[in-house]
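Welcome, and thanks for taking a look at this structure with me. Here are some numbered notes to read beside the view.

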Amino acid sequence: MEPLLKVSDLSVVSSGREGRQEIVRGVSFEVREAESVALVGESGSGKSLTMLAVMGLLGPGLSSPTGEVRFGGRELRGMPEGELRQLRGAELSMIYQDPMTSLNPMMRIGDQVAETLTAHGTGESEASRRARKELARVGIPDPDRTARSYPHEFSGGMRQRAMIATALVAGPRLLIADEPTTALDVTIQQQILALVRERQRSDRMATIWISHDLGVVAQLVTRVLVMYAGRIVEDAPVRELFAAPQHPYTAALLASLPHAGDLVRAPLAQIGGVPPAPGSVPSGCSFRPRCPQAVEKCLEDPALMPRNSSLAACWVPREEWK
Amino acid sequence: MSEVGVAIRLPSAATAPTREPWWQRLLASRSGAVGAALTGAVLLAALAALAGLVPHDPIVQHPADRLLSPSWTYLLGTDQFGRDTLARCMAGAAASLQVSLLAVGLATVVGTTIGVIAGWYGGWIDLVAMRLTDVFFAFPAILLALTVVAALGRGWFNVAIAIAIVYTPIFVRMARAPVLSLREAQYVLAGRLLGFSVPRLLLRHVLPNISSIVIVQITLALSWAILTESSLSFLGLGQPPPAPSLGQMVSEAKSLAVVAPWTLFAPALVIVIAVVGLNLLGDGLRDALDPTQER
Amino acid sequence: MLSATDLWKRYPIRGGSGQVTALAGVTLGVSKGETLGVVGESGCGKTTLARLLLRLEEPTSGKVELDGVDLTGLRGHELRAIRRRIQMVLQDPYASLNPRLTVAEALIEVVRVHRLAAGRERQRVAELLDQVGLSAAYGGRYPHEISGGQRQRVGIARALAVEPQVLVLDEPVSALDVSVRAEIMNLLVRLRAALGLTYVFISHDIAMVRHISDRIAVMYLGRVVELGPWQLVLDQPLHPYTNALREAIPTPDPGPLGARPHTPLPGEVPNNANPPAGCPFHPRCPLAEDICRVVRPELIEMRPGQQAACHVAARQHLATAPA
């Protein structure tokens, strides 16, 4: 059965003052119906740009010269803007990190949620009714009254729920979440994660969760894609990723985190160096300068290759690591 | 002690970077180079006039040579009194620059100081400063300048004072706004924590970080000052004749434009060159002085 | 070394009536060489606490003492003398450095203002850079030319330039990439040992706090609700809020198959302008009883070295304690 989303060899290039820079290259992955997947990486890894490219929402100065994006069997690239717009919001939805800038401060919450529907052809009163129902489903109390409030009257957690409501009200098949809980308090984050988990289950909705927080990801998804310097370096089921990461970057990242529950507090395992800037990615494997497992062959750029039940872009299998 | 912190040094930091001094950066950019050239030309002409290096005395009349079109003797022709247009332009430029530099210099120093103090301390100091500037803003600029000159009398010094008075409130406002946000900047906070005195914080940390805004404002003010000085002398309120002034030359040339167009174009061109040159120079300077601007 | 006694801080609400109570009677102390971790969510008052400890603001009531000196009401050069003893490392490494000064210029300024290395200023700057693991070549760089982790090291070097005894660290690694946090944390640990520093480590990242602190204070709505050694506070919490925090931490571990995640804590952090009566946590507390709605619990020691402000916990633990 064809996957819901199939991305092949996607690249994103920026053309600015510093010339043409490749920010994302050769990204390929699949997401099946109702599957939850995480896209993990640090700043500069290109994770947000990848998803913006998928949605066809790259900003000025950015373009995507190669790649195919098939959603529900249809090729999104080259699709006329009108058709793309019909998909966005209705079948393919996105939520973001800062609810204050992604919610219109001048518009009532209820109207904003309803707008997703009216923009796709639903009548106003029907949209309004469904909007209020959706607000209740995301756990906003007293939806009839709160639908008439403005975003600034809500707390951060509530605003985030409202944004989730605008994204989910039309029942999309795929939700892309770009770090929506990073700015929230940890107890509120827990509530939002529980909400999303529940909706994933009940609506059989596929999710792509973008994050730099491996902890958040562990609780939420079944598969993890790790990005580094614009490439996917590991694609693994979540248990395998945490138990036995197949790429040295993933392993180093996991090892550098303190674990609440550690009984001995040893110095954290640090990774030397810094992630490369888009204009200065090393040739061959981009992680090579910082990699404790680097060998001669790493001067050649590795593609994703099968490693146990995962895929990793590394020449050195885990069994042979020092 | 080196083992205390382990770091992988960035290869580029192995040697200290070589940096260009600001004037090189200025001249390397297009606007900076053109601006510097144009402004420099006007400045040189003015300085030459002040030093007496003029082809003819700007005031002396040569009645036999009235209204001559440009020739080798008189490079820009003569006016209705037989005075050398080129020499008069040079002297006029000197007068304009003299007035503008004094006026803007005063406005900058006084205005920026008040603005920074008002922004930093807030409270009633700020309140008073803002209400005073409100009063000044209530008047249209040129009218205010006119009124001051009318009250003080003609002459280049009074024109300079008038322009300074009009522009000071603008500098106050323009300096105050960024100070309000810089006051809360993290590095200012760090400075307070490190026990830096207020004068040090203002001079070393706040002022340099509002300098881009101030520089641009200075060039705008200079352009406006030159234009205003010209307007005021056009209206007869500047230096009394026969002292040359660009505005007055334009005024006198009104009636001669058809017969002797050079008498109109020459001073007008000088004004335009000065204003454009200053604006471009301002842009170039602002970028050249900012270390975060990569070329 | 550093103590806060019954600190209260209220701010008037702008353009309205009433006040916001940022701190409501906070009492705690940090011994020399100790690291006190402070955790809490928004509105808990940890940033206000930091500002009061650093004497950036004065408390509405209560006092802060540093090495025996009462910081209240200090002015002028007495205040400046005290500033040398306690410094802060800020969260945002870019914003904390003047973008127009090179690293060396920024560090030299501190050394000069306090007249700390007459005649050998450049050497001192090189020493400071070395201490935080940067080569002297970094001195010629501007903040925007170096990475976030390096900027943070410069920020640490600047704080150390005055040779303080106490460092208040407000979210020092939160703005950094995950892979860089480990090295900064390790640097902080090594500096602590090498220079005998006392730390107050404030963060919402509970795992980091647990990694570096000797004792941990948990704050909620302007109060300390639990205080105790690092092994106990987060692993065997007394207060239900601490327990909720612990369960809310996303651990990088998917857990056993079929394990259900903990039920999230309901509700929102209430408004400090209008705190709930009695225990501030009662509206969200799974164990709330009638007394919790009316009487505010005091911070009481329930296990050796571990205190909590909770009626229910008090009943459970003190009843079994020896008389």
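**Notes for a new reader**

1. A good place to begin is chain A, where strand 7 and strand 8 (residues 174-178) run parallel and are joined by four bridges. One of the residues to find here is A:I95, whose bridge partner in strand 8 of chain A is A:A177. Please keep in mind that this is a predicted model.

2. Now widen the view to the sheet around these strands. It is an open sheet of eight strands in chain A, with mixed pairing and the order 7-8-9-3-10-11-13-12. At its edges are strand 7 (92-95) and strand 12 (305-307) of chain A, each of which pairs on one side only. On average, neighbouring strands of this sheet are turned by 20 degrees against each other, direction ignored.

3. Next, look for the helix that covers part of this sheet. Helix 7 (residues 156-168) of chain A lies across strand 7 and strand 8 of chain A, and runs at about 170 degrees to strand 7 of chain A.

4. Helix 7 of chain A also packs with helix 4 (residues 109-118) of chain A, at an angle of about 25 degrees and with the axes 7 Å apart. Angles under 35 degrees count as roughly parallel, so helix 4 of chain A is roughly parallel to helix 7 of chain A. On the helix 4 side of chain A, the contact is made by A:I109, A:Q112, A:V113 and A:T116, and on the helix 7 side by A:A162, A:A165 and A:T166. Those residues divide into four nonpolar, three polar and no charged.

5. In chain B, compare another helix pair. Helix 8 (residues 198-234) and helix 10 (residues 262-289) of chain B pack at an angle of about 175 degrees, their axes 8 Å apart. Angles over 145 degrees count as roughly antiparallel, and therefore helix 8 of chain B is roughly antiparallel to helix 10 of chain B. Among the residues that meet are B:I215, B:L222 and B:I226 of helix 8 of chain B, and B:V275, B:L278 and B:L285 of helix 10 of chain B. By class, the residues of this contact divide into 13 nonpolar, seven polar and one charged.

6. Which residues touch the most other members of the largest nonpolar core? In this core of 178 residues, they are B:M90, B:A93, B:I163, B:Y167, C:L107, C:V200 and C:V218. Helix 3 (residues 85-121) of chain B gives the most to the core, with 16 residues. There is also a second, separate core of 93 residues, which includes A:L4, A:V40, A:A162 and A:V196.

7. C:V218 deserves a closer look. Leaving aside neighbours within four places in sequence, its contacts include C:V39, C:G40, C:V224, C:H239, C:Y241 and C:L245.

8. Chains A and C meet in a contact that takes 36 residues from chain A and 34 residues from chain C. On the side of chain A that touches chain C, the elements giving two or more residues are helix 8 (186-203), helix 9 (214-218), helix 10 (238-243) and helix 11 (248-255) of chain A. Helix 8 of chain A provides the largest share, six residues. By class, this side of chain A has 18 nonpolar, 13 polar and five charged residues.

9. Finally, is C:R120 buried or exposed? C:R120 is exposed, because 12 other C-beta atoms lie within 10 Å and a residue with 12 or fewer counts as exposed. C:R120 is found in the loop between helix 3 (103-113) and helix 4 (121-131) of chain C. The C-alpha atoms of C:R120 and C:P237 are separated by 51 Å, and these residues are 117 residues apart along the chain.

Terms used. Residues numbered from 1 in each chain as written. Chains lettered and ligands numbered in written order. Predicted model: local features only at pLDDT ≥ 70, side-chain atom pairs only at ≥ 80, totals over all residues. Core = buried A, V, L, I, M, F, W, Y, C linked by C-beta atoms within 7 Å. Buried ≥ 20, exposed ≤ 12 C-beta atoms within 10 Å, placed from the backbone. Contact = placed C-beta atoms within 7 Å. Nonpolar A, V, L, I, M, F, W, Y, C, P; charged D, E, K, R; others polar. Pairing = 2+ DSSP bridges. Axes fitted to C-alpha atoms, helices over the stretch in contact; angles between N-to-C directions. Parallel < 35°, antiparallel > 145°, perpendicular 65-115°, else oblique.
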